[in-house]
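The exercises below ask you to read a protein model step by step, with a worked solution after each task. Please look through the sequence and the structure before you begin.

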Amino acid sequence: MSAFTYPAKFKAGSDGRILVEFVDLPRVATDGKDELEAMEEAIDAIGSDLSIRLSRREEIPEPSAAKRGQRLVPVPLWLAPKLALYLAMRDQQVSNSELARRLGVHERVIRRMLDPEHASKAEKIQAALAVMGKQMTVEVRDAA
């Protein structure tokens, strides 16, 4: 199972703004005027970084476990399924062409599914994940 949440340190800056730094993504940092805005900005920042990594076909760092004083920041919902498919394909060494063959679609359909800029339908990504032996679920929890 893959959880698409990354631990981050939230701390008050000298100007009162909340600074956010990601443990597993050292080049990603942001801030907000309060806790709510800081979390919104953190989700946006992580989405930007991971979508760039995905579009460049770079390594996606594995999230570490949150330690005391850290908060988990979720990957944006529009990006998490694309990352799951990308990681499954990399882990199983399945090319775009091979996945397209298994799904009976053109290879460009797979490229679109992996394109962070393309608004892919969740059902298509679910079908692709199923072919890869994965199941996508959505979980809603009480906020901490």
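**Exercise 1. A residue in a loop**

In which loop is the place of Arg-57? Work out its position, and then describe its backbone and its exposure.

Solution. Keep in mind from the start that the model is predicted. Step 1: the place of Arg-57 is in the loop between helix 1 and strand 4, the strand that covers residues 70–74. Step 2: turning to the backbone, Arg-57 has a positive phi of about 60 degrees although it is not a glycine. Step 3: the relative accessibility of Arg-57 is 36%, and because partly exposed is the class between under 20% and over 50%, this residue counts as partly exposed.

**Exercise 2. Another loop residue with a positive phi**

Describe Gln-93 by its place, its phi and its accessibility.

Solution. Step 1: Gln-93 lies in the loop between helix 2 (80–92) and helix 3 (96–103). Step 2: its phi is positive, at about 55 degrees, although Gln-93 is not a glycine. Step 3: with a relative accessible area of 74%, Gln-93 is exposed, because the limit for that class is over 50%.

**Exercise 3. The chain as a whole**

Summarise the order of the elements, the extent of the chain and its surface.

Solution. Step 1: the secondary structure comes to five helices and four strands, and from the N terminus on the elements run β-β-β-α-β-α-α-α-α. Step 2: taken along the principal axes, the C-alpha atoms fill a box of roughly 55 × 30 × 25 Å. Step 3: the chain has 144 residues, of which 37% count as buried, and its accessible surface comes to about 9100 Å², with 49% of that belonging to carbon and sulfur atoms. Step 4: among the contacts in the chain with a separation of 6 or more, 58% are accounted for by residues 24 or more positions apart.

**Exercise 4. A buried strand residue**

Which residues is Val-20 in contact with, leaving aside its neighbours within four places in sequence?

Solution. Step 1: first locate the residue, for the place of Val-20 is in strand 2. Step 2: Val-20 has a relative accessible area of 1%, and it is therefore buried, the limit being under 20%. Step 3: with the neighbours within four places left aside, Val-20 is in contact with Ala-8, Lys-9, Phe-10, Val-28, Ala-29, Thr-30, Ala-38 and Ala-42. Step 4: for a distance along the chain and in space, take Val-20 and Glu-62, which are 42 residues apart along the chain and whose C-alpha atoms are separated by 19 Å.

**Exercise 5. Charges and salt bridges**

How many salt bridges does the structure hold, and which residues do some of them join?

Solution. Step 1: the chain has 22 positive and 22 negative side chains, and the centres of the two sets lie 6 Å apart. Side chains of opposite charge can pair when their charged atoms come close. The structure holds 13 salt bridges.

Step 2: one of them joins Arg-17 and Glu-37, whose closest N and O atoms are 3.5 Å apart. This pair links distant parts of the chain, since Arg-17 is in the loop between strand 1 (5–12) and strand 2 (18–22), while Glu-37 is in helix 1 (residues 35–55), 20 residues apart. Arg-17 counts as partly exposed, at 27% relative accessibility.

Step 3: another salt bridge is formed by the side chains of Arg-27 and Asp-49, at 2.9 Å from N to O. Arg-27 lies in the loop between strand 2 and strand 3 (29–32) and Asp-49 lies in helix 1, so this pair ties together parts that are 22 residues apart in sequence. Here Arg-27 counts as exposed at 51% relative accessibility, whereas Asp-49 counts as buried at 8%.

Step 4: Asp-49 also meets Arg-53 in a salt bridge, at 2.7 Å from N to O. Because Arg-53 and Asp-49 are four residues apart in helix 1, they are separated by about one helical turn. Both of these residues are buried. Salt bridges that share partners join Arg-27, Asp-49, Arg-53, Arg-56 and Glu-58 into one network.

**Exercise 6. A charged patch**

Which residues form a negative surface patch?

Solution. Step 1: the patch is formed by Asp-34, Glu-40, Glu-41 and Asp-44. Step 2: taking one of these residues, the place of Glu-41 is in helix 1. Step 3: Glu-41 is partly exposed, with a relative accessible area of 33%.

Terms used. Residues are numbered from 1 along each chain as its sequence is written. This is a predicted model: local features need pLDDT of at least 70, side-chain atom pairs count only at pLDDT 80 or more; totals for chains, interfaces and linings use all residues. Side-chain values use heavy atoms; hydrogens and water are left out. A salt bridge is a side-chain nitrogen of Lys or Arg within 4 Å of a carboxyl oxygen of Asp or Glu. Helices (H or I, at least four residues) and strands (E, at least two) are DSSP runs, numbered from the N terminus. Buried means under 20% relative accessible area, exposed over 50%, partly exposed in between (1.4 Å probe, protein chains only). Patches are made of residues with over 30% relative accessible area and no salt bridge: like charges are joined within 9 Å, nonpolar side chains (Val, Leu, Ile, Met, Phe, Trp, Tyr) within 5 Å. Accessible areas come from the Shrake-Rupley method with a 1.4 Å probe; for residues, only the protein chains shown count as cover. Lys and Arg count as positive and Asp and Glu as negative; His and the chain ends are not counted. The place of a charge is taken as NZ of Lys, CZ of Arg, CG of Asp or CD of Glu. Contact means heavy atoms within 4.5 Å.
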